[in-house]
Structures are given as C-alpha cells and as structure tokens.
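Colleague: Hi! Could you pull up that protein so we can talk it through?
Modeller: Sure, here you go.

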Amino acid sequence: MIEKLCDPPVSCHPPAFSTQDPAAQATEYTSGLHPGPTDEDARADVVDCVVRDIQNSQCLLNVEYSGATCPHVTIQFGDTKDDVGLGLVKEGLVMVDIRKEKHLQKMV
C-alpha cells in the first residue's frame, strides 16, 4: 500500500529577493597616510604583509577623511592599539605622505 503525503504549501519569493544582482559584500578603503608603492612587486609585498599582520585578529578601522573615490582609513590592532600602517613604515615597506591638514598633523 502506498501512502500519499500532502505537499507543503509553496510561495513565490518576494520581488526584493534576486540572485541576478547581489548587493556588494565588501567596502573599498585606501590608506590614510601612505599612498603605497607604485611597483607591482613592492605593492604585492605590502598587501601580503598587511594580510599577515591583521589576519585572524580584531582590528579597529578609523576613517580619517573622505577621498574622491573611497574613504582614507587607518587600522589599529584591537588589543594593543598599535597602528598597522606605522608597522609598515618601520619595516620600510611604505613611506609616509606628508599632509598639511591640521587635524592630520598628530598622526604624521
């Protein structure tokens, strides 16, 4: 004997649900005080160093000022409050861009 079970009621997805145009999952930022190297190999070294430093750790992101394309930020480690960019400068991977704005003088 075969027993027939009732199918659960099925409804349509709401119009806001769409797999065609997913919303952005990331936000682009750029460094607040150092523009980064122009050489591709040096740039890759900086990216690798930043990823190695902040991977699997809590960090604080501070928007210093808004740029034309994306916000300029500084990153600090959550536990020690050490600046990630300052570590890059100390390692000699980047150079600091001198800024004339008064509110940025304390960072330089």
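Colleague: Where does Leu 61 sit?
Modeller: Leu 61 belongs to strand S2. Keep in mind that this is a predicted model.

Colleague: Is Leu 61 buried or exposed?
Modeller: In between: Leu 61 has a relative accessible area of 43%. Leu 61 counts as partly exposed because that value falls between the 20% and 50% cut-offs.

Colleague: And which residues make the nonpolar surface patch of about 260 Å²?
Modeller: That patch is made by Tyr 29, Leu 61 and Val 63.

Colleague: Let's zoom out. What is the pattern along the sequence?
Modeller: The order runs β-α-β-β-α, with two helices and three strands in the protein.

Colleague: How much of the protein counts as buried?
Modeller: 18% of its 108 residues.

Colleague: Switching to pockets, what volume does the largest pocket have?
Modeller: The largest pocket comes to about 790 Å³, and 31 residues line it.

Colleague: Which residues lie nearest its centre?
Modeller: Ser 31, Gly 32, His 34, Gly 85 and Leu 88.

Colleague: Nice. Which elements each supply at least two residues of that lining?
Modeller: Strand S1 (30-31), helix H1 (40-54), strand S2 (59-66), strand S3 (71-77) and helix H2 (84-90). Strand S2 is also where you find Leu 61 from the patch.

Colleague: What is the lining of the largest pocket like by class?
Modeller: By class, 19 of its residues are nonpolar, eight are polar and four are charged.

Key
Residues numbered from 1 in each chain as written. Predicted model: local features only at pLDDT ≥ 70, side-chain atom pairs only at ≥ 80, totals over all residues. Heavy atoms only, no water. 1 Å grid on protein atoms, 1.4 Å probe; cavity = no way out; pocket = protein on both sides within 12 Å on 5 of 7 lines; lining within 4 Å. Points joined across faces, edges and corners; volume = space filled by probe spheres on them. Helix = DSSP H or I, 4+ residues; strand = E, 2+ residues; numbered from the N terminus. Nonpolar A, V, L, I, M, F, W, Y, C, P; charged D, E, K, R; others polar. Patch = residues over 30% accessible without salt bridge, like charges linked within 9 Å, V, L, I, M, F, W, Y side chains within 5 Å. Areas by Shrake-Rupley, 256 points an atom, 1.4 Å probe, with all protein chains shown as cover. Salt bridge = Lys/Arg side-chain N within 4 Å of Asp/Glu carboxyl O. Buried < 20%, exposed > 50% of the residue type's maximum accessible area, 1.4 Å probe, protein only.
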